[in-house]
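I open this notebook to keep track of what I look up in the structure, entry by entry. I begin with a single arginine and then work outward to the rest.

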Amino acid sequence: MGFSCGIVGLPNVGKSSLFNALSGAARAAAENFPFCTIEPNLSDVAVPDERLGVLANLAGAKRAVPALLRFTDIAGLVRGASKGEGLGNQFLAQLRQCDLLVQVVRCFADSQVVHVGGQWDAAADMETIATELLLADLEQMERLVERQTKRAQGGDKEAAREAAAAKPILALLADGTPARHALSAGAQAQGAGAQNWLARWQLLTAKPMLYVANVGEAELKAGRASDAPSAAAQDAVRQRAEAERAPMLTLSARLEAELTSFSPEERGAYLAELGSQETGLAQLIRLGYRQLNLCTFFTAGPQEARAWTVARGTPAPLAAARIHSDMQRGFICAETIAYEDYVRCGGEAQAKAAGRMRQEGKTYGVQDGDVILFRFQV
């Protein structure tokens, strides 16, 4: 896989309904009581990209294979989760493996759906999640500093370096500052190595966040002014997202789950009623891609056309390794055609004849839309 998103939020905010929509099947229980998710749910979700079908047709490919993002849905977090309250704390380690956190915030009024805290308050809900993630990181870093300091006293130089790198981050966490805001301060204080340490520690509050305001279907149709409490909740999510420079998306998780069972024609007609050209799920995946600074490159031939995901600017040999490690080990060059040129010329052979194929070396940074044939020898 390589890239994954963890879905977080309080119980009964629509996390599992969103996961069901993403997975395209009701595999995750979505019930009106806390902690109905007792095991983490995993789903590999295809990244929507119209370019893949176009390339497959031009290459005469037998099949088209989309890029995938993995989504992980864990039990809802509650106040005290970092100290063992509820079930969500059992799966915080699962979130540490994720590249991006998607926080679902309840922005719908429904007396039939209980709130774990007894009162619906979007701002307070987000603060609860932020606090629990920060406390979990704080506890982890306290244990790490204590352990590595003891080892350093015994002459372990690597432990001494890690303890020295961790102490400024620990101080910031203890002051209530999420690690994602500590990145620049840590890098300035410790040099480029700070980024490597932070990647190794997999701190929850260092991960980029994407906020999802989950509204009711009626509110989505009528607009934000249709319900004052919902509008205020959406404003609270928007304000927090802006303060954190994080993207925000408004959707109805229940509606998105229903749309997965519609035919393409029915789905298109319904979206037209809403004045939208794509589902909320497609928007969510695109925002996740953007937040993770990812791009897509393609391989295309008679057997298959396939989309691959890498970070923008990934060196060509590392991009080749996404396909097979031998390609990186024996890398010679990357024969590259921009997607627009591939389509304009009508395929690989025509693009090459028109001089639109480039031979790129080891230092080339892969760009979004590149159609690449890797040459290698082992």
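**Entry 1, an arginine in a strand.** I looked up arginine 106 first, and with a relative accessibility of 3% it counts as buried, since the cut-off for that label is under 20%. I note that the model is a predicted one, and that every value in these entries is computed from it. Arginine 106 belongs to strand β5, which covers residues 100-106. I then looked along the chain for a distant partner and noted valine 212, which is 106 residues away in sequence, while the two C-alpha atoms are separated by 8.6 Å.

**Entry 2, the whole chain.** To set that residue in context I counted elements, and I found 16 helices and 12 strands in the protein. Of its 378 residues, 48% count as buried. I also looked at how contacts are spread over the sequence: among those with a separation of 6 or more, 71% are made by residues 24 or more positions apart.

**Entry 3, the nonpolar cores.** Which residues have the most contacts inside the largest nonpolar core? I found a core of 67 residues, and the ones with the most contacts inside it are Leu18, Leu22, Leu69, Phe71, Leu133, Tyr211 and Leu284. I picked leucine 18 from that group and, setting aside neighbours within four places in sequence, listed its contacts as Val104, Leu251, Ala253, Leu281 and Leu284. A further core, of 16 residues, lies apart from the largest one, and its members include Leu170, Ala179, Leu198 and Ala206. I add the general remark that nonpolar side chains tend to be buried together in soluble globular proteins.

**Entry 4, helix α2.** I went through α2, residues 50-59, and marked Arg51, Leu52, Leu55, Ala56 and Ala59 as buried. Why do the buried residues of α2 line one face of the helix? Viewed down the axis of α2, they fall within an arc of 135°, and therefore they line one face. The general background is that an α-helix has 3.6 residues a turn, so residues three or four places apart point the same way. On the face of α2 turned away from the buried side I found the exposed residues Glu50 and Asn57. The cover over the buried residues of α2 includes β3 (63-65), β8 (294-300), β9 (304-311), α15 (339-345) and β12 (370-376). Just after α2 comes glycine 60, for which I noted a positive phi of about 65°.

**Entry 5, a glycine after α15.** I followed α15 to the loop between it and α16 (348-353), where glycine 346 lies. Glycine 346 has a relative accessible area of 27% and is partly exposed. Its C-alpha atom is separated by 8.9 Å from that of alanine 59, although the two residues are 287 apart along the chain; alanine 59 is one of the buried residues of α2 noted above.

**Entry 6, the cavity search.** How many cavities of 30 Å³ or more does a search of the whole structure find? I obtained 1, and the volume of the largest cavity is about 30 Å³. Its lining is made up of Val47, Asp49, Leu52, Pro66, Ala67, Thr296 and Ala307, which I sorted into 5 nonpolar, 1 polar and 1 charged. Leu52 thus appears in this lining and also among the buried residues of α2.

**Entry 7, asparagines.** I looked for positive phi outside glycine and found asparagine 12, with phi near 65°, in the loop between β1 (4-8) and α1 (15-23). Is asparagine 12 buried or exposed? With a relative accessible area of 13%, asparagine 12 is buried. Asparagine 293 also has a positive phi, of about 60°, and sits in the loop between α12 (280-291) and β8, but at 41% relative accessibility asparagine 293 counts as partly exposed. I then checked asparagine 41 in strand β2, residues 41-46, which is buried with a relative accessible area of 17%. The C-alpha atoms of asparagine 41 and isoleucine 7 are separated by 9.9 Å, with their positions 34 residues apart along the chain.

**Entry 8, a buried glutamine.** My last look-up was glutamine 148 in helix α4, residues 122-153. Glutamine 148 is buried, at a relative accessible area of 6%, and leaving out residues up to four places away in sequence, I found that glutamine 148 touches Ala159, Glu162 and Ala163.

Conventions: Residues numbered from 1 in each chain as written. Predicted model: local features only at pLDDT ≥ 70, side-chain atom pairs only at ≥ 80, totals over all residues. Heavy atoms only, no water. Core = buried A, V, L, I, M, F, W, Y, C linked by side-chain atoms within 4.5 Å. Buried < 20%, exposed > 50% of the residue type's maximum accessible area, 1.4 Å probe, protein only. Contact = heavy atoms within 4.5 Å. 1 Å grid on protein atoms, 1.4 Å probe; cavity = no way out; pocket = protein on both sides within 12 Å on 5 of 7 lines; lining within 4 Å. Points joined across faces, edges and corners; volume = space filled by probe spheres on them. Nonpolar A, V, L, I, M, F, W, Y, C, P; charged D, E, K, R; others polar. Helix = DSSP H or I, 4+ residues; strand = E, 2+ residues; numbered from the N terminus. Arc of directions from axis to C-beta.
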